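Dear colleague,

I am handing over the structure below, together with my notes on it. Please read the notes with the model open beside you.

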Amino acid sequence: MGRITSFADLIGRIKDKASQSKAALVSSNTKIKTLSFHLSVLRATTHDPSTPPGNRHLAVILSAGTGSRATASSAVESIMERLHTTGDACVALKSLIIIHHIVKHGRFILQDQLSVFPASGGRNYLKLSAFRDEKSPLMWELSSWVRWYALYLEHLLSTSRIMGFFISSTSSTIHKEEYEEMVSSLTNSDLLREIDALVGLLEEACKIPDLPFSGGKSLADKITQLVGEDYVSSINELYTRFNEFKERSNTLSFGDTIELVCALKRLESCKERLSEICHGNWKRGWIDGFWGLVLEVKGIIGNLEDNYGQIEKSIVGFGKRDKGYESARFTDRLIIGYSNPVRFSSGRFSNVDRFNFPVSGRVLC
(Lines give C-alpha, C1' and ligand atoms only; values in the text may rest on other atoms or scores of the structure.)
Protein backbone atom coordinates (compact mmCIF):
# COMPACT_ATOMS: atom_id res chain seq x y z
CA MET A 1 0.00 0.00 0.00
CA GLY A 2 1.28 3.46 -0.85
CA ARG A 3 1.02 6.30 1.61
CA ILE A 4 -2.11 8.43 1.80
CA THR A 5 -1.51 11.69 -0.08
CA SER A 6 -5.00 13.17 -0.33
CA PHE A 7 -8.50 13.05 1.06
CA ALA A 8 -9.54 11.01 -1.99
CA ASP A 9 -6.90 8.41 -1.12
CA LEU A 10 -8.27 8.21 2.42
CA ILE A 11 -11.81 7.71 1.12
CA GLY A 12 -10.51 4.98 -1.20
CA ARG A 13 -8.86 3.13 1.68
CA ILE A 14 -12.07 3.35 3.71
CA LYS A 15 -14.07 1.95 0.77
CA ASP A 16 -11.61 -0.93 0.40
CA LYS A 17 -11.88 -1.84 4.08
CA ALA A 18 -15.67 -1.54 4.03
CA SER A 19 -16.00 -3.79 0.98
CA GLN A 20 -13.76 -6.47 2.47
CA SER A 21 -15.50 -6.30 5.85
CA LYS A 22 -18.90 -6.61 4.20
CA ALA A 23 -17.76 -9.67 2.27
CA ALA A 24 -16.50 -11.27 5.48
CA LEU A 25 -19.79 -10.59 7.30
CA VAL A 26 -21.84 -12.47 4.72
CA SER A 27 -19.54 -15.47 4.84
CA SER A 28 -22.08 -17.43 6.88
CA ASN A 29 -24.38 -17.44 3.86
CA THR A 30 -21.69 -18.05 1.26
CA LYS A 31 -19.51 -20.98 0.40
CA ILE A 32 -16.07 -20.43 1.86
CA LYS A 33 -14.23 -21.08 -1.40
CA THR A 34 -16.45 -18.67 -3.32
CA LEU A 35 -15.90 -16.09 -0.62
CA SER A 36 -12.13 -16.47 -0.90
CA PHE A 37 -12.27 -15.62 -4.61
CA HIS A 38 -14.49 -12.61 -3.92
CA LEU A 39 -12.21 -11.35 -1.19
CA SER A 40 -9.14 -11.86 -3.38
CA VAL A 41 -10.78 -9.78 -6.14
CA LEU A 42 -11.49 -7.00 -3.63
CA ARG A 43 -7.97 -7.12 -2.23
CA ALA A 44 -6.43 -7.16 -5.70
CA THR A 45 -8.49 -4.17 -6.88
CA THR A 46 -7.91 -1.54 -4.21
CA HIS A 47 -8.21 2.20 -4.81
CA ASP A 48 -4.46 2.64 -4.33
CA PRO A 49 -2.89 3.95 -7.59
CA SER A 50 0.65 2.98 -6.57
CA THR A 51 0.35 -0.82 -6.68
CA PRO A 52 -0.95 -3.28 -9.32
CA PRO A 53 -2.79 -6.46 -8.21
CA GLY A 54 -0.58 -8.55 -5.92
CA ASN A 55 0.72 -11.92 -7.09
CA ARG A 56 -0.73 -13.65 -4.02
CA HIS A 57 -4.25 -12.47 -4.77
CA LEU A 58 -3.87 -13.23 -8.49
CA ALA A 59 -2.81 -16.77 -7.64
CA VAL A 60 -5.97 -17.33 -5.59
CA ILE A 61 -8.15 -16.01 -8.41
CA LEU A 62 -6.39 -18.17 -11.02
CA SER A 63 -6.85 -21.22 -8.78
CA ALA A 64 -10.56 -21.02 -9.62
CA GLY A 65 -9.59 -22.71 -12.88
CA THR A 66 -8.66 -25.90 -11.01
CA GLY A 67 -12.17 -26.41 -9.67
CA SER A 68 -15.58 -26.91 -11.21
CA ARG A 69 -17.19 -24.83 -13.93
CA ALA A 70 -19.46 -23.30 -11.31
CA THR A 71 -16.44 -22.24 -9.27
CA ALA A 72 -14.78 -20.65 -12.29
CA SER A 73 -18.03 -18.91 -13.19
CA SER A 74 -18.33 -17.48 -9.67
CA ALA A 75 -14.79 -16.08 -9.83
CA VAL A 76 -15.41 -14.43 -13.21
CA GLU A 77 -18.70 -12.98 -11.96
CA SER A 78 -16.86 -11.41 -9.01
CA ILE A 79 -14.35 -9.79 -11.34
CA MET A 80 -17.00 -8.49 -13.73
CA GLU A 81 -19.18 -7.19 -10.91
CA ARG A 82 -16.20 -5.30 -9.50
CA LEU A 83 -15.37 -3.90 -12.95
CA HIS A 84 -18.89 -2.83 -13.86
CA THR A 85 -19.93 -1.33 -10.52
CA THR A 86 -16.90 0.85 -9.85
CA GLY A 87 -16.46 4.45 -10.85
CA ASP A 88 -12.82 4.50 -9.77
CA ALA A 89 -10.18 4.36 -12.49
CA CYS A 90 -7.66 2.46 -10.34
CA VAL A 91 -10.18 -0.25 -9.46
CA ALA A 92 -11.22 -0.56 -13.11
CA LEU A 93 -7.63 -0.84 -14.34
CA LYS A 94 -6.79 -3.49 -11.76
CA SER A 95 -9.91 -5.47 -12.71
CA LEU A 96 -8.81 -5.35 -16.36
CA ILE A 97 -5.31 -6.50 -15.37
CA ILE A 98 -6.89 -9.53 -13.67
CA ILE A 99 -8.82 -10.30 -16.88
CA HIS A 100 -5.57 -10.05 -18.85
CA HIS A 101 -3.91 -12.46 -16.41
CA ILE A 102 -6.73 -14.96 -16.91
CA VAL A 103 -6.21 -14.80 -20.68
CA LYS A 104 -2.46 -15.33 -20.25
CA HIS A 105 -2.16 -17.68 -17.28
CA GLY A 106 -5.62 -19.07 -16.54
CA ARG A 107 -6.68 -22.69 -16.98
CA PHE A 108 -9.00 -23.30 -19.93
CA ILE A 109 -12.10 -23.67 -17.74
CA LEU A 110 -11.53 -20.17 -16.32
CA GLN A 111 -10.69 -18.70 -19.72
CA ASP A 112 -13.84 -20.26 -21.15
CA GLN A 113 -16.05 -18.69 -18.49
CA LEU A 114 -14.47 -15.33 -19.21
CA SER A 115 -14.99 -15.67 -22.95
CA VAL A 116 -18.73 -16.46 -22.69
CA PHE A 117 -19.59 -14.12 -19.83
CA PRO A 118 -22.99 -12.55 -20.64
CA ALA A 119 -22.52 -9.17 -22.25
CA SER A 120 -24.38 -6.77 -24.47
CA GLY A 121 -23.44 -3.79 -26.57
CA GLY A 122 -21.72 -5.42 -29.54
CA ARG A 123 -18.13 -4.25 -29.77
CA ASN A 124 -18.34 -2.74 -26.29
CA TYR A 125 -17.97 -6.15 -24.63
CA LEU A 126 -16.52 -4.80 -21.40
CA LYS A 127 -18.82 -1.75 -21.50
CA LEU A 128 -16.20 0.84 -20.62
CA SER A 129 -16.08 3.06 -23.71
CA ALA A 130 -17.76 5.88 -21.77
CA PHE A 131 -15.78 5.47 -18.55
CA ARG A 132 -14.91 8.76 -16.83
CA ASP A 133 -13.46 9.31 -13.35
CA GLU A 134 -13.25 13.04 -12.61
CA LYS A 135 -12.22 12.91 -8.95
CA SER A 136 -8.71 14.22 -9.66
CA PRO A 137 -6.30 14.96 -12.54
CA LEU A 138 -4.73 11.51 -12.02
CA MET A 139 -8.06 9.72 -12.21
CA TRP A 140 -8.90 11.69 -15.34
CA GLU A 141 -5.65 10.56 -16.96
CA LEU A 142 -6.13 6.96 -15.87
CA SER A 143 -9.67 7.02 -17.31
CA SER A 144 -8.17 7.18 -20.81
CA TRP A 145 -6.15 4.09 -19.91
CA VAL A 146 -9.32 2.32 -18.77
CA ARG A 147 -11.11 3.06 -22.05
CA TRP A 148 -8.16 2.00 -24.20
CA TYR A 149 -7.29 -1.10 -22.15
CA ALA A 150 -10.86 -2.39 -22.23
CA LEU A 151 -10.95 -1.96 -26.01
CA TYR A 152 -7.59 -3.69 -26.35
CA LEU A 153 -8.78 -6.67 -24.31
CA GLU A 154 -11.92 -6.83 -26.45
CA HIS A 155 -9.63 -7.09 -29.50
CA LEU A 156 -7.56 -9.74 -27.73
CA LEU A 157 -10.62 -11.88 -27.00
CA SER A 158 -12.00 -11.41 -30.51
CA THR A 159 -8.64 -12.29 -32.11
CA SER A 160 -8.36 -15.34 -29.87
CA ARG A 161 -11.76 -16.50 -31.06
CA ILE A 162 -10.67 -16.21 -34.69
CA MET A 163 -7.40 -18.02 -34.02
CA GLY A 164 -9.05 -20.83 -32.05
CA PHE A 165 -6.87 -20.36 -28.95
CA PHE A 166 -6.02 -17.63 -26.47
CA ILE A 167 -3.21 -15.40 -27.73
CA SER A 168 -0.22 -15.25 -25.37
CA SER A 169 -1.60 -18.03 -23.16
CA THR A 170 1.07 -19.97 -21.27
CA SER A 171 -1.27 -22.79 -20.29
CA SER A 172 -0.27 -25.21 -23.04
CA THR A 173 2.41 -25.98 -25.62
CA ILE A 174 2.87 -27.92 -28.83
CA HIS A 175 5.95 -29.06 -30.70
CA LYS A 176 6.99 -26.58 -33.36
CA GLU A 177 6.97 -29.16 -36.15
CA GLU A 178 3.41 -30.25 -35.39
CA TYR A 179 2.24 -26.66 -35.17
CA GLU A 180 3.79 -25.71 -38.52
CA GLU A 181 2.15 -28.76 -40.09
CA MET A 182 -1.25 -27.62 -38.82
CA VAL A 183 -0.70 -24.11 -40.16
CA SER A 184 0.29 -25.55 -43.53
CA SER A 185 -3.09 -27.31 -43.74
CA LEU A 186 -4.99 -24.00 -43.62
CA THR A 187 -6.44 -22.43 -46.74
CA ASN A 188 -5.20 -19.07 -47.98
CA SER A 189 -8.49 -17.56 -46.85
CA ASP A 190 -8.04 -18.87 -43.30
CA LEU A 191 -4.43 -17.71 -43.13
CA LEU A 192 -5.30 -14.22 -44.35
CA ARG A 193 -8.18 -13.99 -41.91
CA GLU A 194 -5.90 -14.87 -39.01
CA ILE A 195 -3.20 -12.47 -40.19
CA ASP A 196 -5.77 -9.69 -40.45
CA ALA A 197 -6.91 -10.33 -36.86
CA LEU A 198 -3.36 -10.43 -35.48
CA VAL A 199 -2.37 -7.23 -37.28
CA GLY A 200 -5.55 -5.59 -35.98
CA LEU A 201 -4.55 -6.53 -32.43
CA LEU A 202 -1.11 -4.97 -32.90
CA GLU A 203 -2.71 -1.84 -34.36
CA GLU A 204 -4.80 -1.52 -31.21
CA ALA A 205 -1.70 -2.04 -29.05
CA CYS A 206 -0.11 0.94 -30.81
CA LYS A 207 -2.86 3.19 -29.42
CA ILE A 208 -1.66 2.73 -25.84
CA PRO A 209 -1.82 6.11 -24.05
CA ASP A 210 1.23 8.00 -22.88
CA LEU A 211 2.36 7.46 -19.31
CA PRO A 212 0.24 9.49 -16.87
CA PHE A 213 1.94 12.63 -15.52
CA SER A 214 0.16 12.70 -12.17
CA GLY A 215 1.06 9.21 -10.93
CA GLY A 216 -0.11 5.64 -11.48
CA LYS A 217 3.14 4.69 -13.24
CA SER A 218 3.22 1.21 -11.68
CA LEU A 219 -0.20 0.40 -13.13
CA ALA A 220 0.79 1.71 -16.56
CA ASP A 221 4.07 -0.22 -16.45
CA LYS A 222 2.28 -3.48 -15.59
CA ILE A 223 -0.18 -3.05 -18.43
CA THR A 224 2.62 -2.17 -20.86
CA GLN A 225 4.45 -5.34 -19.80
CA LEU A 226 1.41 -7.53 -20.48
CA VAL A 227 0.76 -5.88 -23.85
CA GLY A 228 4.42 -6.26 -24.77
CA GLU A 229 4.21 -9.99 -24.08
CA ASP A 230 1.17 -10.17 -26.34
CA TYR A 231 3.22 -8.41 -29.02
CA VAL A 232 5.91 -11.09 -28.90
CA SER A 233 3.29 -13.85 -28.99
CA SER A 234 1.50 -12.20 -31.91
CA ILE A 235 4.61 -11.89 -34.04
CA ASN A 236 5.37 -15.52 -33.22
CA GLU A 237 2.03 -16.45 -34.80
CA LEU A 238 2.56 -14.09 -37.73
CA TYR A 239 6.08 -15.46 -38.31
CA THR A 240 4.76 -18.96 -38.95
CA ARG A 241 2.02 -17.71 -41.26
CA PHE A 242 4.32 -15.47 -43.29
CA ASN A 243 6.73 -18.36 -43.70
CA GLU A 244 3.85 -20.45 -45.00
CA PHE A 245 2.98 -17.78 -47.55
CA LYS A 246 6.61 -17.78 -48.70
CA GLU A 247 6.11 -21.42 -49.66
CA ARG A 248 2.86 -20.60 -51.47
CA SER A 249 4.04 -17.42 -53.21
CA ASN A 250 3.94 -18.95 -56.69
CA THR A 251 0.35 -20.15 -56.30
CA LEU A 252 -1.33 -17.08 -54.81
CA SER A 253 -4.18 -15.45 -56.67
CA PHE A 254 -3.99 -11.74 -57.40
CA GLY A 255 -6.70 -11.08 -54.80
CA ASP A 256 -4.81 -13.00 -52.12
CA THR A 257 -1.64 -11.14 -53.03
CA ILE A 258 -3.35 -7.78 -52.60
CA GLU A 259 -4.71 -8.78 -49.20
CA LEU A 260 -1.33 -10.03 -48.04
CA VAL A 261 0.44 -6.86 -49.20
CA CYS A 262 -2.21 -4.77 -47.47
CA ALA A 263 -1.60 -6.64 -44.21
CA LEU A 264 2.17 -6.19 -44.57
CA LYS A 265 1.77 -2.46 -45.10
CA ARG A 266 -0.48 -2.13 -42.03
CA LEU A 267 2.02 -4.11 -40.01
CA GLU A 268 4.97 -2.00 -41.11
CA SER A 269 3.12 1.14 -40.04
CA CYS A 270 3.05 -0.30 -36.49
CA LYS A 271 6.78 -1.06 -36.26
CA GLU A 272 8.01 2.20 -34.74
CA ARG A 273 5.28 2.44 -32.11
CA LEU A 274 5.64 -1.23 -31.17
CA SER A 275 9.38 -0.73 -30.69
CA GLU A 276 8.56 2.01 -28.18
CA ILE A 277 6.31 -0.34 -26.23
CA CYS A 278 8.91 -3.12 -26.30
CA HIS A 279 11.93 -0.85 -25.92
CA GLY A 280 14.54 -3.07 -24.23
CA ASN A 281 16.87 -5.72 -25.58
CA TRP A 282 14.90 -8.79 -24.50
CA LYS A 283 14.59 -11.20 -27.44
CA ARG A 284 15.71 -8.36 -29.69
CA GLY A 285 17.30 -10.78 -32.16
CA TRP A 286 14.01 -12.66 -32.55
CA ILE A 287 12.02 -9.46 -33.07
CA ASP A 288 14.54 -8.11 -35.60
CA GLY A 289 14.38 -11.45 -37.41
CA PHE A 290 10.62 -11.14 -37.66
CA TRP A 291 10.78 -7.70 -39.24
CA GLY A 292 13.40 -9.03 -41.61
CA LEU A 293 10.94 -11.75 -42.64
CA VAL A 294 8.27 -9.09 -43.26
CA LEU A 295 10.61 -7.36 -45.70
CA GLU A 296 11.50 -10.68 -47.31
CA VAL A 297 7.86 -11.65 -47.87
CA LYS A 298 7.14 -8.18 -49.17
CA GLY A 299 9.92 -8.61 -51.71
CA ILE A 300 8.85 -12.10 -52.74
CA ILE A 301 5.21 -11.14 -53.16
CA GLY A 302 6.09 -8.06 -55.14
CA ASN A 303 8.74 -10.01 -57.09
CA LEU A 304 10.14 -6.72 -58.41
CA GLU A 305 9.75 -3.22 -57.01
CA ASP A 306 7.71 -2.19 -60.07
CA ASN A 307 5.28 -5.05 -59.62
CA TYR A 308 4.92 -4.18 -55.95
CA GLY A 309 4.07 -0.63 -57.00
CA GLN A 310 1.33 -1.96 -59.30
CA ILE A 311 -0.15 -3.89 -56.41
CA GLU A 312 -0.05 -0.76 -54.26
CA LYS A 313 -1.93 1.12 -56.99
CA SER A 314 -4.58 -1.59 -56.93
CA ILE A 315 -4.91 -1.14 -53.17
CA VAL A 316 -5.29 2.62 -53.63
CA GLY A 317 -7.97 1.95 -56.22
CA PHE A 318 -9.91 -0.21 -53.79
CA GLY A 319 -9.51 2.49 -51.13
CA LYS A 320 -11.02 5.20 -53.34
CA ARG A 321 -14.08 3.08 -53.94
CA ASP A 322 -14.59 2.03 -50.35
CA LYS A 323 -12.81 4.62 -48.16
CA GLY A 324 -10.05 2.24 -47.24
CA TYR A 325 -9.42 -1.22 -48.60
CA GLU A 326 -10.79 -4.16 -46.77
CA SER A 327 -11.57 -7.56 -48.19
CA ALA A 328 -15.14 -8.74 -48.13
CA ARG A 329 -13.93 -11.90 -46.47
CA PHE A 330 -13.17 -9.85 -43.36
CA THR A 331 -16.53 -8.12 -43.09
CA ASP A 332 -17.75 -10.70 -40.60
CA ARG A 333 -15.12 -9.91 -37.96
CA LEU A 334 -16.27 -11.62 -34.86
CA ILE A 335 -17.71 -9.54 -32.07
CA ILE A 336 -17.99 -11.16 -28.68
CA GLY A 337 -21.35 -10.90 -27.03
CA TYR A 338 -24.02 -12.89 -25.24
CA SER A 339 -25.71 -13.89 -28.48
CA ASN A 340 -22.38 -14.73 -30.09
CA PRO A 341 -20.44 -16.81 -27.53
CA VAL A 342 -16.74 -17.43 -27.89
CA ARG A 343 -15.73 -20.92 -28.91
CA PHE A 344 -12.18 -22.18 -28.71
CA SER A 345 -12.69 -25.70 -29.99
CA SER A 346 -11.00 -25.32 -33.35
CA GLY A 347 -10.66 -28.77 -34.84
CA ARG A 348 -7.05 -28.28 -35.84
CA PHE A 349 -6.11 -27.64 -32.23
CA SER A 350 -8.17 -30.36 -30.59
CA ASN A 351 -6.36 -32.98 -28.53
CA VAL A 352 -3.03 -31.22 -28.92
CA ASP A 353 -1.17 -28.63 -26.92
CA ARG A 354 -0.21 -25.16 -28.16
CA PHE A 355 3.21 -24.04 -29.24
CA ASN A 356 4.15 -20.58 -28.02
CA PHE A 357 7.44 -18.73 -28.19
CA PRO A 358 8.61 -18.61 -24.56
CA VAL A 359 7.75 -15.31 -22.88
CA SER A 360 8.97 -14.57 -19.37
CA GLY A 361 6.31 -13.29 -17.01
CA ARG A 362 8.94 -11.27 -15.13
CA VAL A 363 11.19 -9.76 -17.78
CA LEU A 364 9.87 -7.94 -20.80
CA CYS A 365 11.75 -6.11 -23.48
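Two residues are taken to be in contact when they have heavy atoms within 4.5 Å of each other. By that criterion, and not counting residues up to four places away in sequence, V76 touches L110, Q113, L114 and F117. Please keep in mind throughout that this is a predicted model.

To stay with this residue for a moment, V76 is found in helix α4, which spans residues 69-85, and it counts as buried because its relative accessibility is 2%, where the cut-off for burial is under 20%. One of its partners, L110, lies 34 residues away from V76 in sequence, yet the C-alpha atoms of V76 and L110 are 7.6 Å apart in space.

As for the overall architecture, the protein chain has 13 helices and zero strands. Of its 365 residues, 53% are buried. Contacts that link distant parts of the sequence are well represented, in that 82% of the contacts between residues at least 6 apart in sequence join residues at least 24 apart.

Turning to the interior, the largest nonpolar core has 89 residues, and those with the most contacts inside this core are L96, Y149, F242 and L260. Helix α7, residues 137-163, supplies the largest share of the core, namely 13 residues. In soluble globular proteins, nonpolar side chains tend to be buried together. For L96, the contacts, again leaving aside residues up to four places away in sequence, are with L83, L126, L128, V146, Y149, A150 and L153.

The other feature that I would like to describe is the packing of helix α9 (residues 188-205) and helix α10 (residues 217-247), whose axes are 10 Å apart and meet at an angle of about 155°. Because angles over 145 degrees count as roughly antiparallel, α9 is roughly antiparallel to α10, and α9 passes α10 in a left-handed crossing. By class, the contact of α9 with α10 has 14 nonpolar, two polar and four charged residues. The α9 side of this contact includes N188, L191, L192, E194 and I195, while the α10 side includes V227, Y231, S234, R241 and F242. F242 therefore deserves a second look when you open the model, as this α10 residue, in contact with α9, is also among those with the most contacts inside the largest nonpolar core.

With best regards

How values were computed: Residues are numbered from 1 along each chain as its sequence is written. This is a predicted model: local features need pLDDT of at least 70, side-chain atom pairs count only at pLDDT 80 or more; totals for chains, interfaces and linings use all residues. Side-chain values use heavy atoms; hydrogens and water are left out. A nonpolar core is a set of buried Ala, Val, Leu, Ile, Met, Phe, Trp, Tyr and Cys residues joined through side-chain atoms within 4.5 Å. Buried means under 20% relative accessible area, exposed over 50%, partly exposed in between (1.4 Å probe, protein chains only). Helices (H or I, at least four residues) and strands (E, at least two) are DSSP runs, numbered from the N terminus. Axes are lines fitted to C-alpha atoms, for helices over the stretch in contact, and angles run from 0 to 180 degrees between N-to-C directions. Angles under 35 degrees count as roughly parallel, over 145 as roughly antiparallel, 65 to 115 as roughly perpendicular and the rest as oblique. A crossing is left-handed if the near helix is turned anticlockwise from the far one by less than a right angle, and right-handed if clockwise. Ala, Val, Leu, Ile, Met, Phe, Trp, Tyr, Cys and Pro count as nonpolar, Asp, Glu, Lys and Arg as charged, and the others, Gly among them, as polar.
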